[in-house]
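The following exercises concern chain architecture and contacts. Each task is followed by a worked solution, to be checked against the coordinates.

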Amino acid sequence: MATRVVSPADPNPNLRFLEEVSAATAGVSRLEMCIQCGTCGGSCPSAADMDHTPRMLFAMVRAGLREQVLRSNTPWICVSCYHCVVRCPQDVHIADVMYTLKSMAIRARLYTDSTAPEFSQTFVDNVENYGRSYEFGLATRHYLKHFPLRLPNMAPMGLGMLTRKRMDITPHRIDGIEQLRAILARAKELELTA
Amino acid sequence: MSAYLYYPGCSMTSSARAYAESLAAICAPLGLDLEEINDWNCCGATAAHSVHHRASIELAGRNLRLAAETRLPEMVVPCPMCFNRLKAAVRAYEGEGRNRYAVQPGPFIPRISDLANFFAAPEMLERVKGKVIRPLTGLKVVSYYGCMASRPPEVTEARDPENPRSMDAIMEVLGAEVIDWPYKTDCCGASQQLSRPDMMAQLVGKLFDMARKVGAEAVVVSCQMCHANLDMRQERVAAHWGRPLGLPVLYFTEMIGLATGLPGAASWLSRHITDPRPLLSGLGLLDG
């Protein structure tokens with residue numbers, strides 16, 4: 001199933017990064033099939049905030065610009081709406097590639113704005129602690145760390161959510177939490193060795 | 001009574017309480033018995049598979065295993081994000097690489113259904129229609145589907161991912177005036193709500209602007225992430241855009257409850273930040 005455009009007899013060192021990204025993506029990325037048509041950027045609701053449109057980023061991947069790619073804000077600005085994936089004429093799994101690039105950027109310590117990665121990590125920490133997401137804890141911890149000055153502005157909305165009984169101040173812990181922690185610990189271990 | 005498995009997802013117990021309460025209320029009159037999976041865990045959402053792909057599949061794998069124990073053939077999921085993650089996990093467990101996962105759901109996997117699609121099945125629409133005693137006459141709405149119930153279609157198995165119809169069909173049966181509009185499946189930016197609120201305000205503003213332009217008085221949703229994002233932040237978005245928004249955002253389940261004359265409607269509707277009660281009372285659809 002996996003389609004590779006590099007023939008083994010003629011390896012192009014620039015394409016090694018493309019191969020690395022493709023191999024690190026769950027399933028088959030089809031990233032090699034990109035024809036640079038730009039349908040992805042044209043369908044993207046957040047392209048205006050991106051350092052590079054998805055099309056441009058994939059050209060950079062192909063050109064082997066490892067560091068610039070992993071420093072790009074593009075995967076972090078992606079809202080995971082999958083519009084590009086539906087419309088891509090080559091069926092490139094664009095959103096999955098964005099997830100791959102996020103993981104690679106975290107591991108290479110090349111993405112410097114910690115807001116989005118730490119939000120993901122806080123979310124995962126909550127799941128590890130309770131087995132479920134804990135919206136109140138997630139929001140307050142995130143704002144305290146990254147936007148403490150915005151907290152006073154958020155207070156009326158937070159209060160509105162509380163009075164309308166739409167925020168639980170105490171988290172619910174599932175009964176099978178030990179089992180769930182074991183699943184997560186093993187998954188992380190296997191992911192690192194994969 | 002027809003029995004189905006039910007996976008609520010985390011926000012149904014907090015920010016989406018109105019969704020949970022209205023769903024619970026409409027089931028019995030419609031002859032539905034939703035059995036909540038015992039001790040379910042978080043689906044992992046976007047955050048988990050941003051960081052750990054394997055963990056995101058195995059988190060869902062534990063839920064699938066719990067679901068399989070009940071032997072019920074179909075599981076309904078109100079949250080499109082949970083729906084999407086559970087479907088993605090089923091796909092992984094049915095695919096070639098299934099043996100690489102440490103957590104296995106077992107041989108039997110129930111069918112996973114998006115709640116809005118479940119209610120839009122012809123037989124369910126008939127049931128709903130038979131219970132409407134207070135049609136939503138005069139209520140002009142747009143249906144807003146967002147991303148996760150439809151895309152990517154190889155995961156969701158959505159028949160028409162660019163133009164879903166489930167909530168339009170439900171709202172029509174309830175007697176509302178459903179207005180067609182181009183942003184049914186555009187993203188509201190909920191995933192960036194905490195990281196990039198400026199981006200979120202831009203995307204939400206675009207949706208409200210169009211909804212108002214086509215003449216809608218309210219937005220009907222099935223996604224509690226969209227609901228939180230559209231309902232809670234209207235003041236901020238209005239400040240960003242420099243014009244008022246003020247469009248109530250309603251769950252389709254609340255509207256089924258309202259049109260079928262259930263007494264709880266006023267209570268669910270009181271949980272919204274953008275208060276829908278003046279609009280609904282003004283149209284004579286809500287007492288008081």
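**Exercise 1.** In which order do the four strands of the open sheet in chain B lie, and is the pairing parallel or antiparallel?

*Solution.* The model is a predicted one.
Step 1: the order of the four strands in chain B is S6-S5-S7-S8, and they pair in the parallel sense.
Step 2: strand S6 (177–178) and strand S8 (249–251) of chain B are the edge strands, each with pairing on one side only.
Step 3: three bridges join strand S7 (residues 218–221) of chain B to S8(B), again in the parallel sense. For B:Val221, the bridge partner in S8(B) is B:Tyr251.

**Exercise 2.** Describe helix H9 (197–213) of chain B: its span, its buried residues and their cover.

*Solution.* Step 1: H9(B) comprises 17 residues and reaches 24 Å from its first C-alpha to its last, which is close to the 24 Å expected at 1.5 Å a residue.
Step 2: a residue is buried if 20 or more other C-beta atoms lie within 10 Å of its own. The buried residues in H9(B) include B:Met200, B:Leu203, B:Val204, B:Leu207 and B:Phe208, together with B:Ala201, B:Gly205 and B:Ala211.
Step 3: among the elements covering these buried residues are strand S5 (140–144), S7, helix H10 (224–232) and helix H11 (234–241) of chain B.
Step 4: just after H9(B), B:Gly215 adopts a positive phi of about 95°.

**Exercise 3.** Which domains are assigned to chain B, and how many residues of each are in contact with the other?

*Solution.* Step 1: the assignment for chain B gives domain 1 (2–116) and domain 2 (134–282). Their C-alpha centres lie 23 Å apart.
Step 2: 24 residues of domain 1 of chain B are in contact with 26 residues of domain 2 of chain B.
Step 3: on the domain 1 side, two or more residues each come from helix H1 (17–27), helix H4 (80–94) and helix H5 (115–119) of chain B. H1(B) gives the largest share, eight residues.
Step 4: by class, this side of domain 1 of chain B divides into 14 nonpolar, five polar and five charged residues.

**Exercise 4.** How many residues of chain B are in contact with chain A, and which element of chain B supplies the largest share?

*Solution.* Step 1: 43 residues of chain B are in contact with 47 residues of chain A.
Step 2: helix H2 (45–51), helix H3 (53–70) and helix H9 (197–213) of chain B each supply at least two residues of the chain B side. The largest share, seven residues, comes from H2(B).
Step 3: the chain B side divides into 19 nonpolar, 15 polar and nine charged residues.

Methods: Residues numbered from 1 in each chain as written. Chains lettered and ligands numbered in written order. Predicted model: local features only at pLDDT ≥ 70, side-chain atom pairs only at ≥ 80, totals over all residues. Contact = placed C-beta atoms within 7 Å. Nonpolar A, V, L, I, M, F, W, Y, C, P; charged D, E, K, R; others polar. Pairing = 2+ DSSP bridges. Domains from an automatic or database assignment. Expected span 1.5 Å × (residues − 1). Buried ≥ 20, exposed ≤ 12 C-beta atoms within 10 Å, placed from the backbone.
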